[in-house]
Structures are given as C-alpha cells and as structure tokens.
Amino acid sequence: MKHSVKLFLAILTFLLLTAGAIFAGETESVTEVMSELVLQIGIILFAVRVGGMLVKKIGIPSVLGELLAGVVIGPYALGAIQIPVFFPHGIFPLHEGALAVSPELYGFATVASIILLFASGLETDIPLFLRYSVAGGIVGLGGVIFSFALGDLVGVMLLGVEFMDPRALFLGILSTATSVGITARILSDRKKMDSPEGVTILAAAVFDDVLGIIMLAVVLGLVAVMSGSGDGTVSAAAIGGIAGRAFGIWLGFTAAGLIFSKRIASFLKVFRHSFDFSVCALGLALILAGVFEKEGLAMIIGAYITGLSLSKTDIAAVIQERIHGLYEFFVPLFFAVMGMLVNVQELFSPEVISFGLLYTVIAVLAKTVGCALPSLALGFNLKGALRIGAGMVPRGEVALIIAGIGMTAGILNDQLFGVVIMMTLLTTLIAPPFLNFVLKIPGRGTRKDAKSSEMESLTWDFVNDEIADLVVDILLKDLKAEGFYVQMMNIDEGISQARKGDIALSITEEENRVTIETAPEDTAFVKTSMYEVVLRLNESMEHLKSSADPAQMLRDLTSGEARSDKKLLKLVSPRCISTELKGTTKEEIITEMVDLIIRGGYVTDRALILEDVMGRERSMSTGMQHGIALPHGKTDGIRAMTIAIGIKKDGIDFNSFDGKPSRLFIMVVSPKKESGPHVQFLAAVSILLKEKELTERIINAKSVDEVHRLFTGN
C-alpha cells in the first residue's frame, strides 16, 4: 500500500510540474480551459484508481475510495493549494455559483451518471422483477414510504421548514435509494443468494430504484411549479397533476420501450458491427436523457428507461460488454467529482456532523423497519424480516446522482450535500457487518418450510483460468438455452446468478476454480450440466488437436526464416545459471530449474511455480530438438518474468521431439496477470535451435560467465 501511495504522489508531482510549464505565462483562452480540463481528468483517473485500490485492501467497496479521492484532491482540500507561477489558484480552483468545480468537469460527471443509469437499466432482470413483483413490490414500497417520510421529517425538524419544502423533499428522496451490489456480494459469500430473503431483496431493490426515480420526477416537477409561483406553495390538485404527469411520462416511455424493444434492437443492428450498435445504443440513452431533461424531468430517468428497454433483447449482453471500457473510465470520474463537491470544512462542522449522524440513523432504521414490516405479512418470520431490512440498508450510486441534481438545481447547499455524503458513506460501511450479523442468526427466515434455503457448494478446479472462463461461458449459454434467466451480479468478481422456477444457481469464478451454489435437491441438475459442458469442451479440444498439431507447429519453429528480438536474451542473469544440474529425471530437473528461478528474487510461492510449470509440461513436453528443452509457465507465484539456464552434459530423457536426450534447459516463468515478453522470449530462444554450433558451445562451457556471455552475445 505504501508503494502505491508513493507512486501516486510521484505521478501527481510530475503532472503538476509538466502542467505548470505549459500554463506559465498563458492568458485565459478556450485552449487554456481545455488544457486545464484534460489535466484535471488525468489527475482524477489516477486518484480514483489509487483510492479504490487502497480501500479494497481493507475490505471497503472501491466506490467509497473513489468518492474519498475526490474529496482529498478537490477544491476544498488539496486542489485549492496555490502553486506560484504554475497554479496561482490551485489545480482544482473553487468556482463560483452552485458548483465547486468547473462546468466542463461537471459536464463529464453528468455524462458519467447517464452511462451509469443506462448500464443499471441493462442489468435489470425484468423476468425476476415480474416473477417476484408482489413480494418485492410490497417490500420495496414499504421501504420507500418509510424512508421518504422519515427523511423528509428529519429535514422538517432540523431545518425548520414545511413537509413540502424542496430541501426536505430531496432529503426524503435521497433516503430511498438502495445499492444492491454490496448486498449481493454478502449474500453470495453466505450462500444465501437464492434464499427467500435473498430473492426478495434483489426484487425489492429494483422496485426501490424505479420508485425512487419516479419520485424524483415528481419532486422536480413540484420544485419547478413552486419556484414559478409567487408564494412558493402549490395546491393539492396541482400536486396530483404533477405526479400524474411525471408518472404518465415514465410509464408511457417505459411501456413503449419494452413493447418495441425488439424493433429498437433491430434498428440498432442496422449498424452491423457490435461496437457500432453498442455506441448507438448509448447515443439513444443520451438522446432520451436530453428529452427528459427538456421536459423538466431528470436525465437519468431517460437513460435508465433506455437500458431497461434493451435489457431483454439479444444484444443486451453485447452492449454491456462493449461499453464496459466507457463505464470504467467515466463512472469513477463521476464519484470523484461528487467527492469534490463536498465542502470539507462544512462536513466537519458540529452542525453537519450532528445532522448527518441523525439522518444516517433514521435512514438505517427507515429501511430496516420499512422493509421488515411488510415482510412479516409475506410469510417471513422476525429473523427473515430483519435480514431483508438489513439487506436494503446500503445507499450508493443513485443517491449520489440525485444529490448532484439537487446541487445543480440550487436546492441543496454545501451543508446538506455534506450530510448526504456522510449518510452514503456510513450506510455503505454499516451494511456489511449488520447483514453478516443477521445472516449468522441460526434458523430459517420463513414461517413455513420453503424449498431448502441451505445451499450446497459444488467446486471444480481446472488446469488454468482460461479453461475456467470457457467452462463458465458455455455453462451460462446452456442455461439460457434451457430457459434460465441469467444475471451478472458482479462482473469484476465473477459472480452470476441463474434462475428458472424454483431452481436457483449462484456461480462464482475465482482464477481456475468454478463454484456453484444451489439447493441440495438441485445438485444432480448442476452436476449433469457441468458434465455436458466439460464433455463438449473435451470434444472440441480433440477436434482442435486433429486439425492443428502443436508438436508440428513447434518443429516448424526451426524451419524457414525467423525474426525475433535477440535483446530479450540479455534478460538472463548469471545468478540464475547452473552448469552442473544433478537431476536424473524430468521432475528433478524442473525442480532444480525452479530453484534457480528463485535466485532472481521475484518468487513469492515456490510450490505454486513448480505446480504450474509441471502442469504445462503434462499438457505437452517442452523437449525440443538438438538437446534443448524449454520448460516454462505462467503463474501467480512470481512478481516478474525470470529466466534460468541449466546444463546437464550427460543429458536425460525429456520426451523430446527427436527422441534424443536433452542437455540444455532454458526455463522462463512469468506472472499470469501482468504483460511481459514471455512468448517473445521463447521465440528468441528458438533461434538457438538453428545455431547448432552455438548450442554445443553453451553446453560445453566451463563456467557460468562463459554460458552467460555466449547466450547473451556479450
């Protein structure tokens, strides 16, 4: 962690000095504004990555690290530090008006919020939503009513305003949003994803978002009418009209989108290439977001409806994959900008702290009680109701977006925005231990026996993570073909959920391990499905072997013209060379070579390296021709690519292609998750296969230094 912080500070210093040299002596111009903007975005991108990485190390969601990174580098903190000549007003100068950041930077954050809600709409599981619409709808509605009413009343009490005051209304809306991502991770870890409580939470969270968005549209309409009236009041009839109009627009666009979703998808497919129609789908979200804003509603409503409309089309998964890069670029930037809007001085004022703590307590209680009470009427006992209430506690993305809308509209000031940020941070931190605690309470959560809520785990370990990826991809496609509804709960952590009727599967992929959790009575189905997947994959591999002979492809390395970077040979260190290997078997030689690799200083797990190199060797011998063998592998047991050279003058049987004993062993081991010239080095070494005289000189060398000199050409 210390190295990450030092790296971040070094990069930040470099950017400051570079930008200072650029801006010194310039006058205000469009070019300068744009230059400042791109510099700010560059710094933000580094800051959010470091912030997210640091908080994840201590088990906190990365979104909080991104938010806090924005607070730290924002105009109310480090961003306001004046740097003479270079930045006399700071890197992120405090701007006048409702926003603390520049309009240009906030514009990027607005686009990010549209991408975020568009992606959320795409991920919505409409069949799950409809199947559990009664239970999820009642629970979600209870949580929204309690949260909105109590959040509004906190504003009434502490601000001394009426219930219909815009500030109190916004505090009510901000209390309704639920961030289900954190809950999904905990449910999966506790093997409760397909339990009655887990399914109800997931369905209720969808209702929460939908109802919260509708209420935002209503409140924005009310605020517009209030600001237009002389006394700032609005009649009950006007409230009904505004609510009816907002709900009507939302329902009309949503219904039209779902009804014509296939036609919309067909239109987008006119652009043929998946990248093209994915970008156009996002363009459609931007257009609808603009239309909704023009109608006095929030942009995010239009974006969410667009995603929702496309969520059950055959191109939904493709669009999600294609816009993932944009999502990773823009969304962390959004959280950072939200953090920059936090007035640090106001945040730590006694008034904001006391207001924020009370608002947070009420927000937690409102969700817990508001969702738990309806659950008691839906067949859950007190334990089950408490679990559902706890699962609905965390707030997140939608709350921050609504808070940003409140800031730009001039409804929320610095103090209230700080209160909202505090509530979002605290509920996100409180939710995991709270939910874990109630899930540990023994006993079922329903009054009557439901289908077993105890999950059974089935685990398969494959040769490597590439095979695991293939198995999961094929399995998910097969499940969809069987009529299952498949949903990615957490792309980064490889968590998927598949559901059909009362069969539910939670699928987790970690490196080369695939784990499926399901009810005990469904394990036979899971085992059969995995058997079919592995059987088909094995058949495909056999067909691949018959159509392309890897052994012949390796032999072809020694024929024809060859071009490779011989500079890579200089990566060999003398301390990783031995001229007197002792082993008499393949296993003993590879073990000795791994011990030479250790001398490079980058090994973190000797046993894992040995296991991965031997695994590669079992798939096909690396014994080449003319007495050379190239044992190699990629592993998580090493930090950087390392090469070792070993010589066994008498030679051993290494199952070489020409049947002759291998005498010269060159091993290369690289980390799995980092790029490096692993294959390029192997290609460079293959040149030795063509230079038999050089090979013999290396094998017969008298010292390590001579081997190093001959091999590297020094």
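**Reading surface and core in a predicted model**

Me: Is Val361 buried, exposed or in between, and what is its relative accessible area?

Reply: Val361 is partly exposed, with a relative accessible area of 45%. Buried means under 20% and exposed means over 50%, so a value that falls in between is called partly exposed. The residue is found in helix α17, and you should keep in mind throughout that the model is predicted.

Me: Which residues make the nonpolar surface patch, and what is its area?

Reply: A residue can join a patch if it has over 30% relative accessible area and no salt bridge. Here Val361 is one of the residues making a nonpolar surface patch of about 810 Å², together with Leu141, Ile145, Phe146, Leu150, Leu153, Phe163, Leu365, Val369 and Leu373. Two elements, α6 (133-159) and α17 (350-376), each give two or more residues to this patch.

Me: Which element gives the largest share of the nonpolar patch?

Reply: Helix α6 does, with five residues.

Me: How should I set that patch against the whole chain, and what part of the accessible surface belongs to carbon and sulfur atoms?

Reply: The accessible surface of the chain comes to about 32,300 Å², and 61% of that belongs to carbon and sulfur atoms. The chain has 714 residues, of which 50% count as buried, and its secondary structure consists of 28 helices and 10 strands. Among contacts between residues at least 6 apart in sequence, 74% join residues at least 24 apart.

Me: How many residues of strand β10 are buried?

Reply: In β10, which spans residues 662-671, 10 of the 10 residues are buried, so the strand is largely enclosed by the rest of the structure.

Me: Which strands pair with β10, and in which sense does each run?

Reply: Two strands count as paired if there are at least two bridges between them, and it helps to take the partners of β10 one by one. Strand β7 (residues 628-629) pairs with β10 in the parallel sense over two bridges, and the bridge partner of Ala629 in β10 is Phe665. Strand β8 (residues 632-635) also runs parallel to β10, joined to it by four bridges, with Thr635 standing opposite Pro671. Strand β9 (residues 642-652), by contrast, runs antiparallel to β10 and is joined to it by seven bridges, and here Ile645 stands opposite Ile666.

Note on methods
Residues are numbered from 1 along each chain as its sequence is written. This is a predicted model: local features need pLDDT of at least 70, side-chain atom pairs count only at pLDDT 80 or more; totals for chains, interfaces and linings use all residues. Side-chain values use heavy atoms; hydrogens and water are left out. Patches are made of residues with over 30% relative accessible area and no salt bridge: like charges are joined within 9 Å, nonpolar side chains (Val, Leu, Ile, Met, Phe, Trp, Tyr) within 5 Å. Accessible areas come from the Shrake-Rupley method with a 1.4 Å probe; for residues, only the protein chains shown count as cover. A salt bridge is a side-chain nitrogen of Lys or Arg within 4 Å of a carboxyl oxygen of Asp or Glu. Buried means under 20% relative accessible area, exposed over 50%, partly exposed in between (1.4 Å probe, protein chains only). Contact means heavy atoms within 4.5 Å.
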